[in-house]
Amino acid sequence: MEELRVVVRYVAESAQEVLPVFEEAVPGDLRPRAAVDAAWEFVNGARRTKLQRVTALDAHRAAKEAPTETTRLAARAAGDAAAAAYLHPIARATQVGHILRGAACAARVAELSAGDDPDVGEKHIEQARRRATPVLIDVLGRYPLAPTGRGRVTHLMSALDTSLRVSC
C-alpha cells in the first residue's frame with residue numbers, strides 16, 4: 001500500500017499542476033477536482049475505496065466531454081491520479097500509463113500553452129524524471145515499457161519511461 005501511495009502522489013502532483021486549466025475552462029464541472037482530491041486522500045493515509053474508482057471514471061468522462069485538447073488532457077491526468085490507487089501487479093504496458101501518463105499529459109498541456117513548443121514539453125518531462133523517487137522507479141521496473149504510438153502524449157510518456165529506467 002505504501003508503494004501505491006508513492007505512485008499516486010507522483011501522478012497527483014502532475015494532475016494538480018494542470019487542474020486549473022480545466023477548472024478555468026469548465027468552472028462548473030467538479031469531476032476532475034474530485035478525482036484529484038480522492039487521490040490526495042489516499043496519499044495522505046485514507047483507505048483505498050470505491051471513491052478513487054468512481055472519481056477516476058468521472059474525471060475520464062469529463063475528459064471525453066472537454067472542449068479543448070488542454071482541458072481534455074488536464075481532466076485525464078486527474079482521472080489517472082485517482083485510478084493509480086488501483087494499479088495492479090499484472091505486468092502489462094497499460095499499467096505504465098497509470099504511472100506516467102499524468103506527467104505526459106501535464107507536459108503536453110505545457111507545450112500547447114506555449115504555442116505547441118516541444119522544448120517546453122521536454123523540460124516538463126525532465127522535471128517529472130527528477131521528481132521520481134527510487135520507490136516509484138522500482139515499481140515502474142516491474143512493468144514492461146510504456147506503450148508506443150504516434151500521439152504526442154504517448155511519445156512524451158515513452159520518453160519519460162525510458163529516462164526513468166536508464167536512471168536506475
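**Notebook: an all-helix chain**

I began with the surface: the accessible area of the chain comes to about 8000 Å², and 54% of this belongs to carbon and sulfur atoms (Shrake-Rupley method with a 1.4 Å probe; for residues, only the protein chains shown count as cover). A note to self on the ground rules: this is a predicted model, where local features need pLDDT of at least 70 and side-chain atom pairs count only at pLDDT 80 or more, while totals for chains, interfaces and linings use all residues. Residues are numbered from 1 along each chain as its sequence is written, and side-chain values use heavy atoms, with hydrogens and water left out.

**Entry 1: overall build**

I looked up the secondary structure next and found 8 helices and 0 strands (DSSP runs, H or I of at least four residues for helices and E of at least two for strands, numbered from the N terminus). Read from the N terminus, the order is α-α-α-α-α-α-α-α.

Then I checked the dimensions. The C-alpha trace spans about 40 × 40 × 25 Å along its principal axes. The radius of gyration is 14 Å, which agrees with the value near 15 Å for a compact globule of 168 residues (taken over C-alpha atoms; the globule rule is 2.2 Å times the number of residues to the power 0.38).

Of the 168 residues, 45% are buried (buried is under 20% relative accessible area, exposed over 50%, partly exposed in between, with a 1.4 Å probe and protein chains only). I also asked how the contacts spread along the sequence: among those with a separation of 6 or more, 74% join residues 24 or more positions apart (contact means heavy atoms within 4.5 Å).

For charge, I noted 23 positive and 21 negative side chains, with the centres of the two sets 7 Å apart. Here Lys and Arg count as positive and Asp and Glu as negative, with His and the chain ends not counted; each charge is placed at NZ of Lys, CZ of Arg, CG of Asp or CD of Glu.

**Entry 2: the core**

Which residues touch the most other members of the largest nonpolar core? I found V7, Y10, I99, L100, L160 and L164, in a core of 55 residues (buried Ala, Val, Leu, Ile, Met, Phe, Trp, Tyr and Cys residues joined through side-chain atoms within 4.5 Å). The elements that give two or more residues to this core are α1 (2-25), α2 (31-43), α3 (50-65), α4 (69-83), α5, α6 (118-131), α7 (134-140) and α8 (152-167). The largest share, 10 residues, comes from α1.

I followed V7 a little further. Not counting residues up to four places away in sequence, V7 touches A84, L87, I99, L136 and V139.

**Entry 3: two buried alanines**

I went to A77 in helix α4. A77 is buried, because its relative accessible area is 0%. Beyond its neighbours within four places in sequence, A77 is in contact with V11, A15, V18, G102 and C105. Its C-alpha lies 6.2 Å from that of C105, although 28 residues separate A77 and C105 in sequence.

A106, in helix α5, came next. Its relative accessible area is 3%, so A106 is buried. Neighbours within four places aside, A106 is in contact with S14, V18 and H124. I also noted A74, 32 residues from A106 in sequence and 6.9 Å away, C-alpha to C-alpha.

**Entry 4: places with partial exposure**

I looked at A93, in helix α5 (residues 93-113). A93 counts as partly exposed because its relative accessibility is 23%. With neighbours within four places left aside, A93 is in contact with P144, L145 and P147. For A93 and P147, I recorded 54 residues of sequence separation and 5.7 Å between C-alpha atoms.

E3 sits in helix α1 and is partly exposed, at 34% relative accessibility. Its contacts outside four places in sequence are V135, D138, V139 and R142. E3 and V139 are 136 residues apart in sequence, with 7.4 Å from C-alpha to C-alpha.

My final stop was D116, in the loop between α5 and α6. What sign does phi have at D116, which is not a glycine? I noted a positive phi of about 65°. D116 counts as partly exposed, at 44% relative accessibility.
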